[in-house]
Amino acid sequence: MYQAKSLGRNTYSFFTKEMNTIMLRRFEIEEQMHGALKRNEFELYYQPQIDVKSTNIIGAEALLRWHNPVFGDITPDEFIPIAEQTGLIIPIGQYVIKQALAFLNEWQRIDQKKYTMAVNLSPIQFRDLELLGFIKNALSDAQIDTCNLEIEITEGVLMSGQSYIHDTLVAINKLGIKLSMDDFGTGYSSLSYLREYAFDVLKIDQSFIHGIPTNKSDCSLVKATIAMAHSLGLTVIAEGVETKPQLSLLEGLNCDSVQGYFFSKPKSAEKLLEFTENYKRGT
Ligand code: C2E
Ligand code: CA
Ligand code: CA
């Protein structure tokens, strides 16, 4: 059934041996996930975000990691969809918010700088009526200014058109929390969302960045996206920047900030603090 649905519904699929293996792994992962928070198996990694003009570190994106004794390290691309299907993304997402803000407090204190922290929120988390209250409490517990938290959402959050999602996004914006449109350029990239919601940041998807500067279409699309975002008053961040030529092109196109392996892979809290210290010495 899952296979038929993922093929666009209204079709059928035969059950195969491979599917059986996939389903088994899925069930076993789900089983492991139930106790994973309690067993302290999750960890947040942080990937620095760099201002293109000054080359200063301006913040980081929190990316979840899961170290499991049975399966080893499981990638978020595999476990996040399972967490969403089971509803476990709600407590796991709360852990992410709390942990990311606690680390931000430490990072800001050590460096005496108002870094921002970007946190990914899944569409399912918006069904939780306590989401907004939870975020408010977490901000006040960690003593973080609302403008230093950035919430990254994809179009998936907006597509259902539910009024409670609309209301939550408006309330998030009213609080002064930043809103970032993740993976822009993939999916439908409906421009009406940019008009309807007060996004602060537009994040160009890495599939476009990988193509620059050699692929002319990618260059044109990145250029047009930056110009459009700027004329709407949004800040632009390019993700997946891996090379110097990519960075130079983005600089020429007035892209505001970048994130990617060229500067740093996502790192544990401890390693990010080390990185920041060395980076400051190097620049
Ligand atoms: P995303 O939000 O689009 O995150 C960017 C992904 O690109 C991350 O993968 C990051 O490690 C990777 N990346 C960053 N720079 C580069 C680069 O230069 N080159 C390449 N090839 N990749 C780069 P990651 O950490 O495996 O996360 C995958 C996805 O899982 C994320 O995509 C996000 O959708 C989801 N995810 C991760 N953490 C969370 C979370 O806490 N909550 C939710 N809801 N989703 C999360
Ligand atoms: Ca993201
Ligand atoms: Ca992304």
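**Exercise 1.** Which residue has a side-chain N or O atom 3.2 Å from an oxygen atom of ligand 1?

*Solution.* This is a predicted model, in which local features need pLDDT of at least 70 and side-chain atom pairs count only at pLDDT 80 or more, while totals for chains, interfaces and linings use all residues. Residues are numbered from 1 along each chain as its sequence is written, chains are lettered from A and ligands numbered from 1 in the order in which they are written, and side-chain values use heavy atoms, with hydrogens and water left out. The residue sought is D182, whose side chain supplies the N or O atom at 3.2 Å, a polar contact (a pair of N or O atoms within 3.5 Å). Ligand 1 also has an oxygen atom 2.9 Å from a polar side-chain atom of R65, and an oxygen atom 2.8 Å from a backbone N or O atom of Y261. Taken alone, ligand 1 exposes 800 Å², of which the protein buries 83% (Shrake-Rupley method, 1.4 Å probe).

**Exercise 2.** Identify the residues that coordinate the calcium ion (ligand 2), and find which of them it shares with ligand 3.

*Solution.* Begin with the donors (N, O and S atoms within 2.8 Å of the metal, or 3.2 Å for Na, K and Ca): E61 through OE, N120 through OD1, E152 through OE and D182 through OD coordinate the calcium ion (ligand 2) at 2.1 to 2.3 Å. Their spacing along the chain is E-x58-N-x31-E-x29-D. Next, the calcium ion (ligand 3) lies 4.0 Å from the calcium ion (ligand 2), and D182 coordinates both.

Terms used: Polar contact = N/O pair within 3.5 Å; in protein donor to acceptor, adjacent residues only side chain to side chain.
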